[in-house]
Amino acid sequence: MARIVIDPVTRIEGHLRIEAQVEGGSVTDAWSSGTMFRGIELILRGRDPREAWIWTQRICGVCTTVHALASVRAVEDALGVEVPPNAELIRNIIGATQYVQDHVIHFYHLHALDWVDVTLALKADPAKTSQLAESISAWPKSSRAYFKLIQDRVKGLVESKQLSLFSSGYWGHPAYHLPPEANLLAVAHYIEALEFQREFIRIHAVLGGKNPHLQTYLVGGMACAMDPNEPHAPINPERITFLSEIAKTAQTFVEQVYIPDVLAVAGFYRDWFGRGEGLGNFLSYGEYPQGGIHDTSKYFLPRGAILGRDLSKVHPVDPAQVSEYVTHSWYEYSGGDSAGKHPYEGETRPKYTGPKPPFEHLNVEEKYSWLKSPRFNDTPMEVGPLSRMLVAYASGHAEVKELVNGVLTKLNAPATALFSTLGRIAARAIETQLMARQVPKWIDQLYQNLAHGDLRVHNGEKWDPATWPRSAQGWGFHEAPRGSLGHWVQIEDRAIKNYQCVVPTTWNAGPRDAKGQRGAYEAALLKTPIADPERPIEILRTVHSFDPCLACAVHVTSAQGRRFAEVQVR
Amino acid sequence: MLPQGQSLSSALKARGVSRRRFMEFCGAMVATLALPSRYVAKVADALGKTKKPVLVWLQFQDCAGNSESILRASHPTVLEVVLDLLSWEYHEIIMAGAGKQAEAALQRVVKEEKGKYLVVVEGAIPLADGGVYCTVAGRTAIDLAREVCRNAAASIAVGACAWDGGLVAAKPNPTGAVGLEEAVPGLTLINMPGCPQNPANTVAVLVHYLTFGELPATDQYHRPLFAYGRIIHDQCERRAHYDAGRYVEEWGDEGHRKGWCLYKMGCKGPQATFNCPNVRWNDQTSWPVKAGHGCLACASHRFWDTKSPFYERLPQVPGFGVDVSAGEIGLVLTGAVAGATIVHGIASAVRDRARGETKPAEDQKANPSEFAKS
């Protein structure tokens, strides 16, 4: 019996610590802890709600743009503002681009090294690697000479004894199953994906000025003005052509590199279809409005919840069903820590009761994380690409069904295999393909509007705070790459009175609640086999399959009612 | 290290990187650093001879935006930095190892490379309540920063948060967050503010260090002059519209579509110093003003509090309106910066002697924009 600690969990965003009890070679219990706290919601109080998106976007630089979108939607909901169709399209393009970008980076740069042994690439035969590459894809970078070049590069690195970021990996671990040729192929694509993400994200630079931290959102629309005849308009025919070209190149990369790689790697790790299952409850707020935010029936990805692995029924979702617990979190509630609170009633008083640093172990019987525990009707839920794809699949989304069934057929696996570590990886890849197809379509729609003279990008009816009611409140959401994100804002006297974010990784990585129900990571780690407690790569595989983002997950507001009027510095 | 006797340029050559491409990279770096072109050869020469120094990248109260930003570096790509210029041995967001193995990698560098390695710090450092608001491997951020930065040859603070606490330190600063310079005084340090930092500038600093063996010249905030020495307003592609009195009045109006000046929409360009309009972002594709939104002055001191509300028009910008002479506002502001530099230099020298420290305290720093307003 041993307590394993992984801190820092690397190849994620933010500061995550996992403690796991291991008995008889497998995990018998696990605790997930966020170890960093900033207090951004507290900082927001008293400020102009129109600029809340600029602040909240800095919750995360990996999931850049996602909090900006949720924030402007929350304020628009509070003020009753509807954005013009062009703004909706631009937001959809930015959001879908972020899915593709994030998912590709996740697979190659954050997750692949759990499955790929870089050092084994040295033993590969470049000619056989070329054969393997050509057997799974039409991607042209597949010659023997190309793989030889990559292999020499790895060789040089290993021989230099300065392995850089690869110096501390679990190389040689018995859990690595890929043949040398597949390892070499993956290393080549790791490098190509670095180039990909750098190029592809120029879509965000055009529409948002820069990435990370785009700077063109506005409450009421977008600031990237459109004009078919102006060379200096942020969006004009020349820029649209530029966007289209990048989007089409990306689609090819996803279809010819990412998808075949996922299928190939999954084929060697089929036992992970039976591991890391977790809660079996899945939530999606739905995303990509195509006829106004209020018509959820026209969303490209549907809203809904799946409970108890039952794909025959999709339950309706209302944000009123969300609450947060702090029973095992380093906060206290005025009414006691055993009841949950809806975000509009949300209060958080940070109160660290953990061990004094430096420490060896957390006291997991008491409070042990800076993350709260969000619940949907008091039920813990998993969020993310798997949840979205399952909700879409169960809702009868034709394109999703086609893609999911295609992947399951190729892997010779039933739909229930998706409830797993490998299922999360497959769902993320399917979603990437889906959205990579969609980006060019939305860019084309934007072009059609531009060509037909619809140039509106902003609805300025409520821009002037003098037009606002004395008090208002609203909910904004976004299905971020990592899952369901909600912002709740309360506005009084033209300033933010209270602000609450309930964030994807808080759903997934949160601690136990008042009833002792585990969070999604904690549940998914149960029964994970551990070959070597000193090198617990199996834990990383399941935790990484969720694509953790801890900066997003930790947040705070102060006690209800207290105002920080002095923050309006001029 | 590279194999014995092998230089970087020969290693690049062996890897199929041509001499010409190497020289192009050196040229781009020299341009970013605002050095005369004759330095191209000097940079190329130095990089050709250098052995790979070790770099570690620490993340504290951060959003990883600066890490993501460096991944988007175009000249050179991050991979070239990783594999060719530096041995990048610790960076939580992308390194292979985790937990014990990651800790061991960092400890190895601190002990075996003592006094020789570079450290990049991202994110603020919380000092309140014994530092419990950020721990890594059970240790506080301040504990780690002291150990790792004090044993480094030089520290590079990237992003607004690592510089002055950034957003995390914005009022009411719930966690007592500060920047690296205040958290660990006395370091050989350079600040690369911005939200996030621009990777072109950070890579240029690394190249400068590898070429000349020292950090580039800095201003009173220890920001490199090549990147933070000029006012955005003076470099802005919309400047002619400002001078001619052509302003965006409403989002999406004719002026907005034609790329007119965003001053009335709250643009902070007249009070911001940064090379954003020139180096731009994401392979020089764009920058916020080009994309249609005002500047936030994200490389200015404590910009979250001093430059917000972000949609409020800057007060008392001299000569605002039609017929202002092109250089007037810039003259006033650069004059203010120079004045602040001198005043600050004297003040900090006096203070440093009094305290026996080399670094000034946060609260006594002069803010150039305050001078501009008065």
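**A helix crossing in chain A, and the chains around it**

Let me begin with a detail of this predicted model: where helices H12(A) and H15(A) cross, the crossing is left-handed. The first of these helices, H12, covers residues 421–451 of chain A, while H15 covers residues 537–545 of chain A, and the two pack with their axes 8 Å apart and at an angle of about 40°. Because an angle of that size falls neither under 35 degrees nor within 65 to 115, H12(A) counts as oblique to H15(A).

Which residues of the two helices meet there? On the H12(A) side they are Thr421(A), Arg424(A) and Ile425(A), and on the H15(A) side they are Arg541(A), Thr542(A) and Ser545(A). Sorted by class, this contact has one nonpolar residue, three polar residues and two charged ones.

Stepping back to the whole of chain A, we find 16 helices and 14 strands. Its radius of gyration is 24 Å, close to the 25 Å that the globule rule gives for 570 residues, so chain A is as compact as a globular protein of that length. The C-alpha trace spans about 70 × 65 × 50 Å along its principal axes, and buried residues make up 62% of the chain's 570 residues. If we take the contacts in chain A with a separation of 6 or more, 75% of them are between residues 24 or more positions apart.

Finally, I turn to the partner chain, where 84 residues of chain B are in contact with 93 residues of chain A. On the side of chain B that touches chain A, the residues divide into 40 nonpolar, 28 polar and 16 charged.

Terms used
Residues are numbered from 1 along each chain as its sequence is written. Chains are lettered from A and ligands numbered from 1 in the order in which they are written. This is a predicted model: local features need pLDDT of at least 70, side-chain atom pairs count only at pLDDT 80 or more; totals for chains, interfaces and linings use all residues. Two residues are in contact if their C-beta atoms, placed from the backbone, lie within 7 Å. Ala, Val, Leu, Ile, Met, Phe, Trp, Tyr, Cys and Pro count as nonpolar, Asp, Glu, Lys and Arg as charged, and the others, Gly among them, as polar. Helices (H or I, at least four residues) and strands (E, at least two) are DSSP runs, numbered from the N terminus. The radius of gyration is taken over C-alpha atoms; the globule rule is 2.2 Å times the number of residues to the power 0.38. A residue is buried if 20 or more other C-beta atoms lie within 10 Å of its own, exposed if 12 or fewer, and partly exposed in between; C-beta atoms are placed from the backbone. Axes are lines fitted to C-alpha atoms, for helices over the stretch in contact, and angles run from 0 to 180 degrees between N-to-C directions. Angles under 35 degrees count as roughly parallel, over 145 as roughly antiparallel, 65 to 115 as roughly perpendicular and the rest as oblique. A crossing is left-handed if the near helix is turned anticlockwise from the far one by less than a right angle, and right-handed if clockwise.
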